[in-house]
Amino acid sequence: MDNPASSPVLLVRDLSVSFFDRPVLRQVNLAVPAGGIAVLVGRSGSGKTTLLRAVNRLNDEVAGCRTEGTVELVTKRGRLNVFPGTGPDAVTLPELRRRVGMVFQTPQVFPASVFSNVAMPLAVAAGCPRSELEDRVRDALVRADLWHEVEGRLAMSAERLSGGQQQRLCLARALALEPDVLLLDEPTASLDVHAARRVEELLLELAGRLPVIMVSHGLSQSLRLASFLAVMEEGRVIRTVCDTSGMTEGDLERLLDGEEKPCDAQTMRGKTA
Amino acid sequence: MRRFSFLVFRALCTLCAVLVPCLVLVLMGYLFRRGLPELGLDLLFGRADPLDAVLGRVPVWDGLWPACVGTFWLVVLTVLLAVFPGVGCGIYLSELASPRQKRILGAAVDMLAGMPSIVMGLFGFMLILLLRRTVLPDANTGLLLAAGCLALLVLPVLTASAREAMAAVPDSLRLAAAACGFSRAQALFHLFLPAAARGILGGVVLAVGRAAEDTAVILFTGVVANAGLPSGLLGKFEALSFDIYYISSQYQDQQELLRGFGAATLLLVISCLLLAAARVLERGFRKKWQTKA
Amino acid sequence: MRNAEVSIRPGGRSGEAGLAVIRLAVALAMAGMVLLFLMVVAFALPAFVQGGGGGPFSWSWAPGRGEFGILPMVAGSLLAGTLAVVPGWIMGLCLCCWLMAPECAGRPGPWRTLVGALVRVMTAIPTVVYGFAAVFLLAPVIRTGLGGSGFSCLTAVIMLSVLMLPTVVLVLQAGLGPRLDAVALTGAAMGLSRMELLWHLVIPASRGTLISAAVLGFGRAVGDTMLPLMLAGNAPVMPSSLLSSMRTLTAHMALVTSNEVGGAAYDSLFMAGLLLLVINGAVSLVIRRLGGRA
């Protein structure tokens with residue numbers, strides 16, 4: 001069994017986030033191991049999304065946000081000081097967000113064509129030369145399993161795609177920037193069962209090459225995808241589970257309710273860094 | 001007693017609901033009844049040949065053509081001058097300003113919005129007086145000056161519409177843009193501005209309407225009754241709105257009076273069409289974001 | 001302890017040029033506004049300094065005799081504005097209430113939709129067109145019905161109140177609408193119609209909006225040039241009755257520029273401009289205090 005501290009991809013220490021002095025995260029400590037999909041689970045309002053958004057500092061875009069603590073990413077390109085974001089290994093916010101891809105709960109396509117949805121962040125935010133643009137867009141769409149569906153309709157408005165297609169387009173948009181980490185905020189919550197399954201398969205495939213951290217609302221989905229589970233309650237990570245094999249939804253349900261640990265799960269409570 | 005006052009109030013409401021539309025419809029109906037039959041090529045060109053007049057080969061003395069051309073150039077110049085600062089101000093207020101800047105700049109724009117248009121005209125007039133006394137002894141009022149003053153007049157319209165259009169860009173799009181690694185400026189220019197373009201354009205159309213109808217500003221800044229086609233940026237010019245005023249006070253014969261009715265009808269129709277266009281643009285803009293949310 | 005807002009580092013340099021362009025636009029707009037205020041104030045100052053007889057602060061306007069008093073015009077402007085606000089505000093309030101209170105369950109019928117659209121159209125009608133129509137329609141009616149020349153204080157006031165009507169209605173709608181919606185359901189449950197709710201609950205609780213609408217209407221009436229110029233008769237004296245001729249500051253300015261060539265007449269012109277600026281500034285201030293929007 002991996003020791004989560006030995007090869008972590010994400011290290012969170014004493015992270016507290018509040019909006020207009022209403023605390024959402026309280027002193028969170030978490031080490032997410034590299035490899036596979038890490039899933040944050042918890043009741044609604046437990047702070048999953050805020051924790052996820054702390055990784056690419058998207059909370060900073062929301063009014064009244066106040067963050068304390070440290071967040072650090074360890075990627076194949078080296079350490080990344082996410083927060084407080086000072087010191088020699090710090091990067092600018094746009095640079096950070098290019099290196100940390102994110103997909104939202106509801107598909108957030110830009111009001112533009114399918115092609116420019118992927119190409120615009122590449123060209124504008126990442127400064128990709130025009131000559132490479134077409135290849136990289138195609139590459140990203142292929143990786144997001146969308147290419148053969150939109151091949152002849154690249155100039156069509158992205159808003160005319162179906163929900164599942166839009167979500168995969170968002171995934172392609174994130175992948176095109178070649179991120180070091182991929183963040184997903186309940187990526188299948190607004191999709192029907194079929195489209196959700198397709199995105200799940202895609203995520204499992206991607207996780208082989210790229211660390212994925214996601215928030216999930218479904219217990220069965222969490223068990224299908226997770227190689228690492230972090231259970232949240234009232235702004236804290238109350239447990240982490242490094243091996244989900246053999247767990248049932250009932251086990252997970254009990255974990256969410258904060259009851260005693262099931263025998264095969266490794267837990268961590270109030271770990272101090 | 002309370003019951004009685006309420007009954008009076010309700011009766012008054014119903015009365016106004018009938019009275020006001022009637023009043024406006026009577027005024028407009030009267031105008032249309034006398035003005036609509038006048039609309040036609042004769043109204044524009046009088047006795048001159050239309051083609052020659054359009055090409056500027058013959059002057060038009062008894063038609064509205066020079067006034068239409070004057071108003072057209074006036075509006076074009078005004079929009080050219082006002083769009084950049086006006087829309088820029090709106091974007092700044094909505095996206096970049098600190099709360100303190102918002103308060104100050106917002107107050108200044110509000111104040112400008114309520115300013116009587118004749119004060120803008122006076123401003124242009126003063127500018128010319130100042131130029132005459134200092135560097136340019138033969139400076140005179142003209143098309144460019146009028147457009148500059150009109151630009152000040154329509155600036156608040158543009159600022160308000162641009163500000164509202166930018167504020168209507170949904171938060172989800174802002175988050176998605178940030179998550180893609182766009183810097184604030186990149187997201188603004190590549191995503192939010194195109195997204196808000198329709199709303200901003202609606203404001204431009206409204207501004208065109210304001211510029212076309214205003215009379216008080218140009219009264220001070222170079223409009224004359226019989227200038228013919230404007231000779232250049234600094235030349236005197238005619239304008240539709242001024243012609244209406246001039247004819248109402250100085251008309252010589254029945255034919256000129258009828259031309260006034262024609263001009264008033266024409267200006268009214270143009271204004272209403274511009275308003276309708278602005279509404280269509282604005283409504284399409286809202287619908288787009290509401291179906292998305 | 002760190003504050004997130006402090007530690008945000010500026011985004012990439014790319015696109016900063018665009019931001020500079022926007023700042024330039026703001027600077028341009030501000031420069032225009034500041035120049036406007038400065039010029040109007042600076043040109044009016046000499047008239048203050050000069051003082052003595054024949055200056056702008058007297059009750060007699062007779063350029064031939066060297067008398068350039070604009071006080072009759074100041075009084076005319078304030079009078080016309082005040083007189084126009086009364087019917088304009090009452091009509092606006094009633095029309096607004098009628099528009100917001102359909103008889104059946106919150107759905108405006110075709111007649112209300114039509115009148116609502118007409119109010120919006122009224123915002124687009126050029127004032128010079130109003131003036132033109134009134135010269136040939138309203139003025140003769142007043143001449144034959146009430147006597148006088150027809151070009152009188154009353155004619156101008158009637159048209160000014162029509163002119164300000166859409167402004168008043170739209171401001172009131174924006175202010176009263178949300179308050180009415182907030183109590184509409186509870187009120188309906190108690191068996192009160194929307195009209196009753198407006199009269200008994202919403203209007204008494206909306207003093208700020210009501211005053212804003214009146215002040216804004218007043219500002220529009222005082223600031224308008226074409227209607228007084230075309231309809232009020234333009235005699236530079238205090239009107240003795242509703243049917244006598246009068247002159248407002250705005251009309252005065254328009255007339256002076258077209259008739260005089262300089263000197264003390266211009267001083268009175270600049271003073272009139274400054275007064276209009278001050279009146280408008282006061283209106284803006286009151287509106288901001290009351291929290292209404294222009």
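**Entry 1. Chain B against chain A**

I began at the interface of chain B and chain A, where I found zero salt bridges. The model I am reading is a predicted one. I then looked for polar contacts across the interface of chain B and chain A and noted three residue pairs, both residues at pLDDT 80 or more. On the side of chain B that touches chain A, α8 (171-179), α9 (184-213) and α12 (254-292) of chain B each supply at least two residues. Which of these elements gives the most to that side? I recorded α8(B), with seven residues.

For the extent of this contact, I entered 18 residues from chain B and 21 residues from chain A. The area buried between chain B and chain A is about 1600 Å², and carbon and sulfur atoms give 72% of it. I looked up the leading contributors on the chain B side: L175(B), A179(B) and C180(B) supply 32% of the area that chain B buries against chain A, more than any other three residues.

**Entry 2. Helix α8 of chain B**

I stayed with α8(B) and checked burial. L173(B), L175(B), A176(B), A177(B), A178(B) and A179(B) are buried in this helix. Just after α8(B), I noted that G181(B) takes a positive phi of about 85 degrees.

I also looked up a charged pair in the helix. The side chains of D171(B) and R174(B) meet in a salt bridge, at 4.0 Å from N to O. The two residues are three apart in helix α8 of chain B, so about one helical turn separates them. Is D171(B) buried or exposed? I entered D171(B) as exposed, because its relative accessible area is 59%. R174(B) has a relative accessible area of 21% and is therefore partly exposed.

**Entry 3. Chain B against chain C**

I turned to the contact of chain B with chain C, in which 81 residues of chain B meet 76 residues of chain C. The area buried between chain B and chain C is about 7100 Å², of which 83% comes from carbon and sulfur atoms. I noted F9(B), L27(B) and M126(B) as the three residues that supply more than any other three, with 9% of the area that chain B buries against chain C.

How many salt bridges lie between chain B and chain C? I counted two. In one salt bridge, D110(B) pairs with R288(C), and the closest N and O atoms are 3.0 Å apart. I recorded five residue pairs in polar contact between chain B and chain C, both residues at pLDDT 80 or more. Helix α1 (residues 2-35) of chain B gives the most to the side of chain B that touches chain C, with 22 residues.

**Entry 4. T248 of chain C**

I looked up T248(C), which is placed in the loop between α10 (226-231) and α11 (249-259) of chain C. T248(C) counts as buried because its relative accessible area is 3%. Leaving aside residues up to four places away in sequence, T248(C) touches M73(C), G76(C), S77(C), A80(C) and P228(C).

**Entry 5. Salt bridges within chains**

Over all chains the count comes to 22 salt bridges. In chain A, I noted that E200(A) forms a salt bridge with R197(A), with 3.7 Å between the closest N and O atoms. Both residues lie in helix α7 (residues 193-207) of chain A, three residues apart, about one turn of the helix. E200(A) is buried, at 5% relative accessible area, whereas R197(A) is partly exposed, at 41%.

In chain B, E282(B) forms a salt bridge with R279(B), with the closest N and O atoms 3.6 Å apart. E282(B) and R279(B) are three residues apart in helix α12 of chain B, which means a separation of about one helical turn. I entered E282(B) as partly exposed, at 30% relative accessible area, and R279(B) as partly exposed, at 28%.

I also recorded a network of salt bridges in chain A that links E95(A), R98(A), R99(A) and D180(A).

**Entry 6. The sheet of chain A**

Last, I traced an open sheet of four strands in chain A, with the order β2-β1-β4-β5 and antiparallel pairing. Why is one side of β2 (22-33) and of β5 (78-83) left without a neighbour in the sheet? Both strands stand at the edges and each has a single partner strand, so one side of each has no neighbour there. I noted a twist that averages 5 degrees from one strand to the next.

Strand β1 (residues 8-19) of chain A runs antiparallel to β2(A), and eight bridges join the two. I looked up F19(A) and found R22(A), in β2(A), as its bridge partner.

How values were computed
Residues numbered from 1 in each chain as written. Chains lettered and ligands numbered in written order. Predicted model: local features only at pLDDT ≥ 70, side-chain atom pairs only at ≥ 80, totals over all residues. Heavy atoms only, no water. Pairing = 2+ DSSP bridges. Axes fitted to C-alpha atoms, helices over the stretch in contact; angles between N-to-C directions. Buried < 20%, exposed > 50% of the residue type's maximum accessible area, 1.4 Å probe, protein only. Contact = heavy atoms within 4.5 Å. Buried area = accessible area lost by both parts, 1.4 Å probe. Polar contact = N/O pair within 3.5 Å; in protein donor to acceptor, adjacent residues only side chain to side chain.
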